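Student: Could you take me through the packed interior of this protein, with its nonpolar side chains and its rings? I'd like one close look at that part.

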Amino acid sequence: MYPSIDPYKTEMLPVGDGHVLYVEQCGNPAGIPAVFIHGGPGGGSHPDMRRFFDPERYRIVVYDQRACGQSTPFGTVENVTPDILVDDLDRIRAHLGGDQWVIAASSWGSALSLKYAIKYPERVRGMTISGVFFMDRRGVEWFTEEGGASNIRPEWFGAYRDLIPPDKRKGGLTEAYCDLMETGADEEIREAARRFDAWDTSILYFEPNLERISEVEAGLEKSIPLTKNFFYFVRHYYRDENRAQILDGVKNLGHIPCFIVHGRYDLICPVKNAFDLHEVYPGSTLFVMDKTGHTARDPNIANKMAEITDKLAEDFSK
């Protein structure tokens with residue numbers, strides 16, 4: 001990755017429905033436009049996201065999605081849908097100018113980037129994505145229910161599972177958490193957010209990052225709205241047909257270079273997602289990183305994605 005860099009411009013961009021997005025620009029104002037799409041839903045940007053691009057060759061855009069990070073209003077789910085988030089991306093592009101840009105994205109951001117490319121193929125010059133996710137219910141239940149990631153890190157899964165009494169698990173842990181985050185008392189919501197975020201963070205990396213888990217448990221003022229947002233999207237927008245629609249849609253994107261980077265030991269989005277995408281995306285390139293988990297902040301993934309944006313910049317200059 002490239003060294004840390006500060007933005008040369010930050011702004012709050014109104015996008016309708018009372019929502020205002022935090023948008024920052026770094027690097028070369030005359031460079032190749034590029035954007036990083038963060039994870040979630042409900043997550044936010046991080047300064048390290050500026051470091052996936054050469055600041056001398058790229059005009060780097062980092063932003064917070066609706067209701068995330070520094071965007072306002074924070075934590076709401078009103079007028080926040082996957083389709084609206086996709087259209088927000090193009091609102092940012094139009095506001096900043098330029099017909100095309102390079103996209104880098106991770107996890108939830110990978111699903112948004114693929115949906116964006118399917119809807120606006122003329123706007124995408126190239127993509128690199130990691131932690132491939134299809135916005136499918138079956139995909140998310142790999143780590144929110146027993147029998148998937150729980151079999152690999154059971155010692156971390158237990159606290160998340162045990163918040164729900166056995167007699168209330170008949171409809172699944174996912175639905176129980178959806179109910180709790182929507183209708184629970186304040187203390188119940190707080191505890192649910194603490195346990196879910198600790199479990200989620202424990203499977204982000206190849207090995208549990210105890211420092212990150214402690215940070216999450218100490219920062220519940222952000223974890224609560226993030227967890228509410230996550231389970232709201234799970235209940236209302238995660239559908240198994242999303243997977244089929246994305247995999248069918250990318251068959252027409254062979255003219256857009258796509259580089260897929262995925263941790264072999266990703267416990268949130270299994271590596272098979274990356275193979276499935278690569279199989280149907282014409283001309284895509286797949287890199288599977290050993291001893292690597294889910295997060296794009298893992299050096300193995302981050303450095304490979306920075307290497308890819310270098311390659312794209314070189315290809316565009318020919």
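Tutor: Here is a walk through the core, a buried arginine and the rings. This is a predicted model, where local features need pLDDT of at least 70, side-chain atom pairs count only at pLDDT 80 or more, and totals for chains, interfaces and linings use all residues. Residues are numbered from 1 along each chain as its sequence is written, and side-chain values use heavy atoms, with hydrogens and water left out.

A nonpolar core here is a set of buried Ala, Val, Leu, Ile, Met, Phe, Trp, Tyr and Cys residues joined through side-chain atoms within 4.5 Å; buried means under 20% relative accessible area, exposed over 50%, partly exposed in between (1.4 Å probe, protein chains only). The largest core has 73 residues, and Ile92, Ile103, Phe143, Tyr238 and Leu277 touch the most other members. A second, separate core holds 22 residues, among them Cys26 and Phe53.

Back to Ile92: beyond its neighbours within four places in sequence, its contacts (heavy atoms within 4.5 Å) are Leu13, Leu21, Val23, Val61, Tyr63 and Trp101. Next door in sequence, Arg93 counts as buried because its relative accessibility is 8%. Arg93 touches Gly98, Asp99, Trp101, Tyr116 and Arg123, again leaving out residues up to four places away.

Now the rings: those of Phe, Tyr and Trp (its six-membered ring) pair if their centres lie within 6.5 Å, with planes under 30 degrees apart called stacked, over 60 edge-to-face and the rest tilted. That gives 21 aromatic pairs. One of them is edge-to-face, Phe230 with Tyr238, at 6.5 Å centre to centre and 90 degrees between the planes. Both Phe230 and Tyr238 are buried.
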